[in-house]
Amino acid sequence: MASGQLFSRNTQALFYNYKQLPIQRMLDFDFLCGRETPSVAGIVNPGAEGFQKLFFGQEEIAIPVHSSIEAACSAHPTADVFINFASFRSAAASSMSALKQPTIKVVAIIAEGVPESDTKQLIAYARTNNKVVIGPATVGGIQAGAFKIGDTAGTIDNIIQCKLYRPGSVGFVSKSGGMSNELYNTIARVTDGIYEGIAIGGDVFPGSTLSDHILRFNNIPQVKMMVVLGELGGRDEYSLVEALKQGKVHKPVVAWVSGTCARLFKSEVQFGHAGAKSGGELESAQAKNQALREAGAVVPTSYEALEGAIKETFDKLVEEGKITPVTEVTPPPIPEDLNSAIKSGKVRAPTHIISTISDDRGEEPCYAGVPMSTIVEKGFGVGDVISLLWFKRSLPRYCTQFIEICIMLCADHGPCVSGAHNTIVTARAGKDLVSSLVSGLLTIGPRFGGAIDDAARYFKDAYDRGLSPYEFVESMKKKGIRVPGIGHRIKRGDNRDKRVELLQQYAHTHFPSVKYMEYAVQVETYTLSKANNLVLNVDGAIGSLFLDLLAGSGMFSKQEIDEIVEIGYLNGLFVLARSIGLIGHTFDQKRLKQPLYRHPWEDVLYTK
């Protein structure tokens, strides 16, 4: 491996398996460092394409999303780092695919638990083809002031605290990502900071070793000293011992191997990492620390003394003139995301939508303040749910049952009415359910099913003004307006609509008052004297009875009743009910596999 620097201020990466937070942290780091271009060139999400919106400083940018690694590499030939956030199940395959791309030089594998046999294959391929694998089970790496992988170094606050927004003089390598953050802070306190830091990962077989990166740091002129944090288990540290003994490392190395407490336990101890398990005396932290010390590394007597050893080594290099301390710079402030600023109370932002009928923010959705569990436990029906979502209150059972009766009676009226006809024709044209349903719903209006609101509106106005049926009907006639709720194409005075009779019977039995319905019947009596088909239809029955429901329940003010009628609540009942039938007609036509409908010529009057 050896060679030198992996990253620069121009390094760009491909990010596999989209994760919003790690990518945004990379972009925020870019801005902090004063990069001119984002470090994430593209995102690979198998099977998906398009763009993801993120922020680069104050500017919102769109990062391309590609469906395959090959497509991403082709689209972004200058991106030479592959950051793999795949799960342990697919991490090996996707990493191997990336390594085989000529443009990719470094692959970072974040997942833990990648099978060791798969990792060995990745290592062999990378070494043969002069490529670098960081991980598995790694947080990644960072070049201060230039480039970082994913969540490396944590939050922006931590990055600023550790002075990682500009390069220092120390090369750092560790097995642990969490301890890397700790050491970045420690190093920043007693030196001019990190130049490059790598967490190789805690698995038994890391893609690159401690010594790989120390030898690489040795070839980077800007790195003046190295810090190594190893751990018990495995023999990776001994390759560094050999490199030191052979004189391959020419810069001071401060090292510590964690896990000295393992000897306090009577049996073998498995620490957090898969590789942190002492398999014998040579793999103990004490043996490794001793070997490193004998090979020439600066090894303190304890972890607590590590900071002092780093400081002493750095100060000595400064005295010798080998390090010129970095001139401190002030990084630019990162714009705070609106959501976090709102949560912290720093800003106020207006909402875009107001909702008073439902709330899904708690453990369970609520309809008008009533939890879903209560709705189920109390056996609420569809009428109860409508009363909550439409009227924002729990209406008495006779009211909600009336709503349900209206829905049942208006669900369908055969295949010949305009709504059902439209739906049938559309379904037979091969269209989907929603298209077929909407084509039928669009016929609902003043001439078909949409007269409930108008019937209620006109009946209420006439009754409240004390107009007699004669005065009401004749005034409508003078205005050239048909009386809504009166008249039917089929039903007659001697062949009443059974639905109207059922609704009237229910109201007489359960409603405390039916004054509006009785007025509508008086109007019908007058209109029947003019023509036998001017009967009270189902629109008129529902419209007048709903007025009685609203007024008689005692739960609505006059202003609320007027608003309900004006907004169009009552037509909503017909729309909801008839949707059931229109969906049924759609399924019926598809089940019967009916062909495209063509209207017969003999049913058309062709004329000039």
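These legends go with an overview and several close-ups of a predicted model.

**Figure 1. The whole protein, seen as a spread-out chain.** Start with the parts list: 23 helices and 16 strands. The radius of gyration comes out at 39 Å, well over the 25 Å that the globule rule gives for 608 residues, so the protein is more spread out than a compact globule. Put a box around the C-alpha atoms along the principal axes and you get roughly 115 × 55 × 50 Å. Look at contacts between residues at least 6 apart in sequence, and 73% of them join residues at least 24 apart.

**Figure 2. Surface and charge of the protein.** About 29800 Å² of the protein is accessible surface, and carbon and sulfur atoms account for 54% of that. As for burial, 50% of the 608 residues count as buried. On the charge side, there are 63 positive and 64 negative side chains. The centres of those two sets sit 4 Å apart.

**Figure 3. Thr-152, a buried loop residue.** You'll find Thr-152 in the loop that runs between strand E9 (147-148) and helix H5 (156-161). Its relative accessibility is just 1%, and the cut-off for buried is under 20%, so Thr-152 counts as buried. Which residues is Thr-152 in contact with, leaving aside its neighbours within four places in sequence? They are Val-139, Gly-140, Gly-141, Ile-142, Ile-159 and Tyr-184.

**Figure 4. A cis peptide bond at Gly-135 to Pro-136.** Most peptide bonds are trans. The one from Gly-135 to Pro-136 is cis, though, with omega near 5°. Pro-136 itself belongs to the loop between strand E7 (132-134) and strand E8 (140-143).

**Figure 5. Ala-368, a loop residue with positive phi.** Most residues other than glycine have a negative phi. Here Ala-368 has a positive one, near 50°. The stretch to look at is the loop between strand E15 (366-367) and strand E16 (370-371). Is Ala-368 buried, exposed or partly exposed? With a relative accessibility of 27%, Ala-368 counts as partly exposed.

**Figure 6. Lys-593, an exposed residue after helix H23.** Lys-593 comes in the segment that follows helix H23 (569-591). Lys-593 is not a glycine, yet its phi is positive, at about 55°. The relative accessible area of Lys-593 is 70%, and the cut-off for exposed is over 50%, so this lysine is exposed.

Technical notes:
Residues are numbered from 1 along each chain as its sequence is written. This is a predicted model: local features need pLDDT of at least 70, side-chain atom pairs count only at pLDDT 80 or more; totals for chains, interfaces and linings use all residues. Side-chain values use heavy atoms; hydrogens and water are left out. Helices (H or I, at least four residues) and strands (E, at least two) are DSSP runs, numbered from the N terminus. The radius of gyration is taken over C-alpha atoms; the globule rule is 2.2 Å times the number of residues to the power 0.38. Buried means under 20% relative accessible area, exposed over 50%, partly exposed in between (1.4 Å probe, protein chains only). Contact means heavy atoms within 4.5 Å. Accessible areas come from the Shrake-Rupley method with a 1.4 Å probe; for residues, only the protein chains shown count as cover. Lys and Arg count as positive and Asp and Glu as negative; His and the chain ends are not counted. The place of a charge is taken as NZ of Lys, CZ of Arg, CG of Asp or CD of Glu.
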